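The exercises below are meant to be worked with the sequence and the coordinates open side by side. Each one sets a task and then gives a solution in steps.

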Amino acid sequence: MTVLWFFYFIAMNLITYILYAADKRRAQQGQWRIRERTLLLFGFLGGAPGALAAMKQFRHKTKHNSFWLINTLGLCWQFALSAYLLGL
């Protein structure tokens with residue numbers, strides 16, 4: 001179970017980071033955007049560190065309190081599950 005969680009966690013963070021980067025690029029180019037619901041869902045369901053890193057690096061969605069709240073809550077449960085699985 002721990003190995004499965006590790007690969008899931010890594011994949012979700014990479015995907016989430018890429019989604020935030022793509023959305024920022026599309027915003028700058030005036031193209032269609034990725035739904036906020038999708039960005040929040042990916043962050044909450046396993047990609048919170050990737051979401052928070054992308055928010056900071058690309059200065060994207062940083063003024064939206066909902067993004068900080070949902071991603072921080074996701075970060076809490078993701079780290080709690082990781083600690084549990086590692087026996088910490």
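**Exercise 1. Find the surroundings of Leu39 and place this residue in its helix and core.**

Solution. Leaving aside neighbours within four places in sequence, Leu39 is in contact with Leu19, Tyr20, Asp23, Ile34, Lys61 and Phe67. The model is a predicted one, and every value used here is computed from it. Leu39 itself has its place in helix H2.

The next step is accessibility: Leu39 has a relative accessibility of 0%, and because buried means under 20%, Leu39 counts as buried. As for Phe67, one of the contacts of Leu39, the two residues are 28 apart in sequence, while their C-alpha atoms lie 8.7 Å apart in space.

The last step is the core. The largest nonpolar core has 11 residues in all, namely Leu19, Tyr20, Ala22, Ile34, Leu39, Leu40, Ala51, Leu52, Ala54, Met55 and Phe67. H2 gives the most to this core, with six residues, and H1 and H2 each supply at least two. In soluble globular proteins, nonpolar side chains tend to be buried together. Another member of the core, Ala54, touches Tyr17, Tyr20 and Arg59 when residues up to four places away in sequence are not counted.

**Exercise 2. Describe the order of the elements and decide whether the radius of gyration of the protein chain agrees with that of a compact globule.**

Solution. Begin with the elements: the protein chain has three helices and zero strands, and from the N terminus on they run α-α-α.

Then turn to the dimensions. For 88 residues, a compact globule would have a radius of gyration near 12 Å, and the 13 Å of the protein chain agrees with this. Taken along the principal axes, the C-alpha atoms fill a box of roughly 45 × 25 × 20 Å.

Burial and contacts complete the description. Of the 88 residues, 35% count as buried, and among contacts between residues at least 6 apart in sequence, 73% join residues at least 24 apart. The accessible surface comes to about 5800 Å², of which 69% belongs to carbon and sulfur atoms.

**Exercise 3. Check the span of helix H1 against its number of residues, and determine what its buried residues pack against.**

Solution. Helix H1 covers residues 2-29, which is 28 residues, and at 1.5 Å a residue it should span 40 Å; the C-alpha atoms at its ends are 41 Å apart, so the two values agree.

Next, list the buried residues of H1, which are Trp5, Phe9, Met12, Asn13, Thr16, Leu19, Tyr20, Ala21, Ala22, Asp23, Lys24 and Arg26. These buried residues pack against helix H2 (36-58) and helix H3 (65-86). Just after H1, Gly30 takes a positive phi of about 70°.

**Exercise 4. Locate the salt bridges and compare the accessibility of the partners in each.**

Solution. The structure holds two salt bridges. In one of them, Arg33 pairs with Asp23, with the closest N and O atoms 3.0 Å apart. This pair links distant parts of the chain, since Arg33 is in the loop between H1 and H2 and Asp23 is in helix H1, 10 residues apart. Arg33 counts as partly exposed at 36% relative accessibility, whereas Asp23 is buried, with a relative accessible area of 0%.

The other bridge joins the side chains of Glu36 and Lys61, at 3.0 Å from N to O. Here too distant parts of the chain are linked, with Glu36 in helix H2 and Lys61 in the loop between H2 and H3, 25 residues apart. Glu36 is partly exposed, with a relative accessible area of 34%, and Lys61 counts as buried at 10%. Side chains of opposite charge can pair when their charged atoms come close.

**Exercise 5. For Arg59 and Lys61, which lie in the loop between H2 and H3, work out the sign of phi and state whether each is buried or exposed.**

Solution. Take Arg59 to begin with: its phi is near 50°, a positive value in a residue other than glycine, and Arg59 is exposed, with a relative accessible area of 67%.

Lys61 also has a positive phi in a residue other than glycine, near 65°. Lys61, however, is buried, with a relative accessible area of 10%, and Lys61 is among the contacts of Leu39 from the opening exercise.

Note on methods:
Residues numbered from 1 in each chain as written. Predicted model: local features only at pLDDT ≥ 70, side-chain atom pairs only at ≥ 80, totals over all residues. Heavy atoms only, no water. Helix = DSSP H or I, 4+ residues; strand = E, 2+ residues; numbered from the N terminus. Expected span 1.5 Å × (residues − 1). Buried < 20%, exposed > 50% of the residue type's maximum accessible area, 1.4 Å probe, protein only. Contact = heavy atoms within 4.5 Å. Rg over C-alpha atoms; globule rule 2.2 N^0.38 Å. Areas by Shrake-Rupley, 256 points an atom, 1.4 Å probe, with all protein chains shown as cover. Salt bridge = Lys/Arg side-chain N within 4 Å of Asp/Glu carboxyl O. Core = buried A, V, L, I, M, F, W, Y, C linked by side-chain atoms within 4.5 Å.
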